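Here's a quick walk through a fold, written for someone who'd rather look at the model than at a pile of output. Keep the viewer open as you read.

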Amino acid sequence: MPPNRFDQPAAAVPITPNEEMKRIEAAQAIELEWWANTPPVTSEQEIADRLAVGTAHLLENKGELPYRVSEKIPEPFRVLDTKAAALLTEIAQQWREQLNDQELFLVVSSAARTVDRQQALIDQGYPGAPDSSHTRLMAFDIGISWLADNDPNALEVLEQTLQTLQAEGKLNYIFEPTVGVVHICVHPAYGEERS
Ligand SMILES: [Zn+2]
């Protein structure tokens, strides 16, 4: 594999065209409604507290996992709600199984954010609204630039996997090609028994 397997955004964030921005905002509205009654996290301490009580999961780079965490994410933000972390594993495992390659992994380029960090990313030029499911620890981004350039079939299979899981009501996903990620948010009922 080429050495730049960890999807690194360019130093300057490319400007997302208006049309793409409108599509992203419309799709974000769906998941913001799902999580409207969950307050956003406002400090790194809150994220640490969630880890301490076990309602959040620390994303680590372990060989056996079907995903890796980009070194670009500051350590305090390598965290997801346990539900979102379980969804990440399910997506990556299904994707790997369909490609029949246990060496493959997805790269998480963004996970938890505080309200301040969300605003800082917007100020840097990333597409987003001040209110985000990332600040509920319910969303993560997967890098797609490397796949698009080096393994288009793997990217196609990822999109199919996301389509299937979205049809099952498990998630909301948004392709953000300008910045090179697919954003994924877990549905509130994910992982709960259906009667
Ligand atoms: Zn995102």
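What follows goes from the sheet to the helices that pack on it, and then to a few backbone oddities.

First, the ground rules. You're looking at a predicted model, where local features need pLDDT of at least 70, side-chain atom pairs count only at pLDDT 80 or more, and totals for chains, interfaces and linings use all residues. Residues are numbered from 1 along each chain as its sequence is written.

**The sheet**

Helices (H or I, at least four residues) and strands (E, at least two) are DSSP runs, numbered from the N terminus. Two strands pair if DSSP finds at least two bridges between them. Here, five strands make an open sheet in the order β2-β4-β5-β7-β6, and the pairing is mixed. The edges belong to β2 (67–69) and β6 (171–176); each has a single partner strand, so one side of each has no neighbour in the sheet. From one strand to the next, the twist averages 30°. Angles here run from 0 to 180 degrees between N-to-C directions, with axes as lines fitted to C-alpha atoms, for helices over the stretch in contact.

Now zoom in on β7 (residues 181–186). It runs antiparallel to β5 (residues 139–143), and five bridges join the two. Phe140 has Ile184 of β7 as its bridge partner. With β6, β7 pairs in the antiparallel sense as well, over six bridges, and Leu171 stands opposite Val186 there. β6 and β7 form a hairpin with four residues between them, and Gly180 in that turn has a positive phi of about 80°.

How many of the six residues of β7 are buried? Six of the six are, so β7 is largely enclosed by the rest of the structure. Buried means that 20 or more other C-beta atoms lie within 10 Å of a residue's own; exposed means 12 or fewer, and partly exposed is in between, with C-beta atoms placed from the backbone. Val181, His183 and Cys185 point one way from β7, while Val182, Ile184 and Val186 point the other way.

**The helices on the sheet**

Two helices, α1 and α6, touch or lie across β6 and β7. Contact means that the C-beta atoms of two residues, placed from the backbone, lie within 7 Å. The expected span of a helix is 1.5 Å times one less than its number of residues.

| Helix | Residues | Span, first to last C-alpha | Expected span | Angle to β6 |
|---|---|---|---|---|
| α1 (18–34) | 17 residues | 25 Å | 24 Å | about 160° |
| α6 (152–167) | 16 residues | 23 Å | 22 Å | about 145° |

In α1, Ile24, Gln28 and Glu31 are buried, and the buried residues of this helix pack against β6 and β7.

For α6, the buried set is Leu158, Thr161, Leu162 and Leu165. Seen down the helix axis, these fall within an arc of 95° (taken from the directions from the axis to the C-beta atoms), so they line one face of α6. Their cover includes α3 (82–99), α5, β6 and β7. Flip to the other side of α6 and you'll find Pro152, Asn153, Glu156, Gln163 and Ala167 exposed. After α6 comes Gly169, with a positive phi near 80°.

Ser145 sits in helix α5 (residues 145–150). It has 19 C-beta neighbours inside 10 Å and therefore counts as partly exposed. Ser145 and Val179 are 34 residues apart in sequence, yet 8.4 Å apart in space, C-alpha to C-alpha.

**Two backbone oddities**

Most residues other than glycine have a negative phi. Asn100 is not a glycine, but its phi is positive at about 55°. You'll find Asn100 in the loop between α3 and β4 (106–110).

Leu137 also has a positive phi, near 65°, and lies in the loop between α4 (115–124) and β5.

Which of these is buried and which is exposed? Asn100 counts as exposed because it has 7 C-beta neighbours inside 10 Å, whereas Leu137, with 30, counts as buried.
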